[in-house]
Structure formats: structure tokens, C-alpha cells
Amino acid sequence: MNVRSNHSALELAPLSDEDLDRIHAQAMRILREVGTEVHDDEMLVRLAAAGQSVDGTRVRWDPDFIMAQLALTPSNVTLTGRNPERQFTIGDGSLVHTPAGGPPFAHDRERGRRDGTIADHIELVKMTHASNVLPLVQSGVVEAQDLGYQSRHLEMDYSILRYTDRPLLVYGTAGPKARDAFTLASIAAGGVDRLIESPMALGIVNPNSPLVWDGLMVDTLVACAEFNQPVAITPFLLAGASAPVTLAAGLSLLIAETLAGVAMAQLIRPGTPCILGCFFNGVDMRSGGPSLGMPESVLTTLAGAQIAARYGLPLRGGGGLCSAIALDAQAAVETTMSMWATYLAGSDLVVHSAGWLEGGLVASYEKFALDLEIIGMFERLRQGLVVDDDALAFDTIAEVGPGGLFLAHEHTLERFRDEVFMSPLFRSMAYPNWVKQGSPTADEVATGQWRKLLDSYVDPGIDDAVDAELRDYIDRRTAILEA
């Protein structure tokens, strides 16, 4: 394993150049000889017209076509929120974080484990907005199960556009739902043309590994391309289940599935921004469940960074992922392992960074607060070390002298808040003092921390006319979808 370091990050490279060449060659062979299933009639017509071999729903791809399509997509993309100051670029190791997405259940110590509601969703959206490390807000941060299944995505998307002024990751489990989100975003952005010119939203599509592009995901991919909104193409690979148990073989599938998606997006709109998504984990062979935060996921995230760089694509990888059911040592270890991989890989888009528990089934308020602290620690690492005259502090060392104490020195008092990471959750104290405070555990302290975060939320406001137009669209679509 090659190890490199610089002042901004550490990077591990588990694949040699020869390894990358062999995995790429196998991915092209898979596309050419095995092909993929594509369950969308209109896309099949487009692919046939583009010279691909189409036999029923099986498409066998020309590698030269794949690479030509890949060349059309940009290496980075800028998203702009409802507030133009809420702008960031995904690419070049940007590490853009989002909260968890998709959990059907919510949990906190005060209210327990419960079906997610729109009220929970709004609280978590407000907590995301109040944080300083989650610039992209994910719709479906918890599933609003108290609303109708056909239309709940509208209210979840709206809660982001109303209670934040940041870009959104859309609730796009199907093409029509993604189009609803993009239509709402266009209202907030000032029109469809404005949205196309300056993207505000991001979609995620997950081909059904191995090698199946179902109609729902193809249509979602098409919707992203129609509106020129970036799309993170993320095969859900589990070593020994949806992928071979050997990681190298699984990585070749990841490339084949992702680049097929990139090619289809470019057929709809050349230049559609695409992101290579790496969500590749092992399987606990004792239960059959995903094994998150284990060495396999670290290795594949690091390898995913090398693969994304080879193809000139931003990387979606890592996150605050864990399989743990309780907020315990297992959750801490798995989450930290996942986050180490995220930062060592220099990921660009990081989905599920805060609040993910129970393998993604639960949006945990306490873990949300704890994950923000972990991200803050890694951000401090990413800042690196400053070496200048002030940091070297020779005059201070000379003044204090041998056997002295720097604790009360002016140099320390002026700088310790910036130089030393002081977590509100993780404190160093003597045992008697801890007992006097009620022997609080980390999750108990985290309850108070997420409460403070929610209380600190400041409503960014929204133009009344824009809000009225959003509500009108939602009301009309809800009536149609729930009819």
C-alpha cells in the first residue's frame, strides 16, 4: 500500500497503476461481453440509435462509446442555494457533507424509537441548517410516515426549501418524485432556466447490483439530466451478496455500472454533471446484513478515490456509517472507521454524515450531535499545522524557561480557543467531578447538545410569493398523487 502525505490531507492508495489498469480492463470486458440490463424502453431506443448492442433489455456496450460519453461530463459542479451565498463546489476533495437520509424511524433519548414524522423531518432539517459542517441538506433525513406515501416527498422537499436556504439533495426514489423536487427547486431558484444554468439540487441513483438498471433508476437519472442537476451514480455493492466476495471483482462491477449510468445521462444532456458513488461494504456472513465501518469499506472507499480520479469524476464516498443498533462503542468504532476512510480518500460528496444508526434504519438525534463532533475533529486534522514565527513561539519559550508552565501565559490565553479543539461533548475531568455531575454518559450529554443545536436555529425566511407558489404546486400535486 502506498502512503502519501501533504499539509492538507493524508491519502492512502491501495491500488497500484497496474491494478487500476486491470480493474478498468475487466470493467470494459464486463460491459462489452456481459452487458447490463436496462429496463426503460425509451433509453433502449436511444442506446440502439447510439450504436450499442441491444437484445431485448440486455445492452452490451462499446467501451469506446463509454469513454467518449465519460469525456462529456465535468470534473466538478457548483451548487447554489436559495441564498446565493450558500454556494459550494463538489470536486477536488471538497468533502461536502449531508445528514443521514432514508431512515424510516427516528430516535432520541427523550421520545424513544418511533416511526418518523414530518415534524421529526423538520426538526432534523433545522438542526442541519443550524450546523456549520452540513452545507447540503438531504430530503428524507427521516421518512415522514405520517403522510401519504405517494405525496410525502413533496412536504419533505418543501421543508428544506422553506426552513433552509441551502442546496438540497432531493428525495428521488423515482423519476416523477425527482421531477417534483426539481420543479420545486426551480420555483425557489427563479425559474427552470435559472435552475438549469445554476444547479441547486442533487440526485442519487442506485443501479441494482449486479448490472441491472431498473426503470425507476433510469427515469431518475433522466430527470437529473433533463434539469442539468448533478447526479451521484452509486451502485449498492455488498461483497459476497450483490458483488463477488473479492473486492477487486466488485470494483470492476462498480466501474461498469457507474460508467453505464454516466453514458446514459450524457445521451439525455451532454455535460450532465456525474459523480462516482462508492458504497461498497462487506456482508456479515452470520446474519446476511451489511457490515458497515469494517476494513473492507475503508479499502473500497480509498480505492474508489483512485478510480474516480482516473475517470475525472468527483467521488461520493464514506460517511458516518455504522451497523450498530445502540449508540455504543460499536457505533463509535464503525462510524470513526467510516469517517477515517472518508477523509483519507479526500471524498467530494459525503452522504449520511450525521445521524445514521442501525444500518440506516434510524435517524438518531444523539448520534447526529456526536457525528458533528467527529466531523469537527476531522476538519481540524484537515487544517494541518501552521509553522511560522508566531506558531514556533520562541520568545514565549525563552520567557517561561526550563521547568515553567505555559498554562496562564499570555500566548496561551490569546490562542487556545483556536489552537486546541475543545468539544462540548467529550470532556476531560476527574472522576469525582464526573460523579458530582451525575455520571453523564456521552449519549446523555449529546441530548443536551442536539437540543442546543435545535434551539440555535435561525429561520432564514422566504419570500411570500415564492412560498405561495411552492405551496400551490404541492397542493395540486398532492391532490393528483393521492387521488
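## Secondary structure and overall dimensions

In this predicted model, the protein chain is built from 18 helices and 22 strands. Its radius of gyration is 24 Å, close to the 23 Å that the globule rule gives for 483 residues, so the chain is as compact as a globular protein of that length. Taken along the principal axes, the C-alpha atoms of the protein chain fill a box of roughly 80 × 55 × 45 Å.

## Burial, surface and contacts

Of the 483 residues in the protein chain, 53% count as buried. The accessible surface of the chain comes to about 21000 Å², and carbon and sulfur atoms account for 54% of that area.

When contacts in the protein chain are restricted to residues at least 6 apart in sequence, 74% of them join residues that are at least 24 apart.

## Helix H9

Helix H9 covers residues 247-268, and at 1.5 Å a residue its 22 residues should span 32 Å, which agrees with the 32 Å found between its end C-alpha atoms. With regard to its surroundings, 18 of the 22 residues of H9 are buried, so this helix is largely enclosed by the rest of the structure.

## Cysteines and the absence of disulfides

How many disulfides does the model contain? The count comes to zero, the criterion being a pair of cysteine sulfur atoms within 2.5 Å. For Cys224, the closest cysteine sulfur is that of Cys274, and because the two sulfur atoms are 8.8 Å apart, they are too far from each other for a bond. Cys274 is likewise in no disulfide, since the cysteine sulfur nearest to its own is that of Cys224, at the distance of 8.8 Å.

Are these two cysteines buried or exposed? Cys224 has a relative accessible area of 0% and is therefore buried, while Cys274, with a relative accessible area of 1%, is buried as well.

## Thr396 in helix H14

Thr396 lies in helix H14, which is made up of residues 394-400. The relative accessibility of Thr396 is 10%, so this residue counts as buried, given that the term applies under 20% relative accessible area.

Which residues does Thr396 touch, once those up to four places away in sequence are left out of the count? On that basis, Thr396 is in contact with Phe406, His409 and His411. Thr396 thus combines a position in helix H14 with a buried setting and with contacts to one phenylalanine, Phe406, and to the histidines His409 and His411.

Notes
Residues numbered from 1 in each chain as written. Predicted model: local features only at pLDDT ≥ 70, side-chain atom pairs only at ≥ 80, totals over all residues. Heavy atoms only, no water. Buried < 20%, exposed > 50% of the residue type's maximum accessible area, 1.4 Å probe, protein only. Helix = DSSP H or I, 4+ residues; strand = E, 2+ residues; numbered from the N terminus. Expected span 1.5 Å × (residues − 1). Contact = heavy atoms within 4.5 Å. Rg over C-alpha atoms; globule rule 2.2 N^0.38 Å. Areas by Shrake-Rupley, 256 points an atom, 1.4 Å probe, with all protein chains shown as cover.
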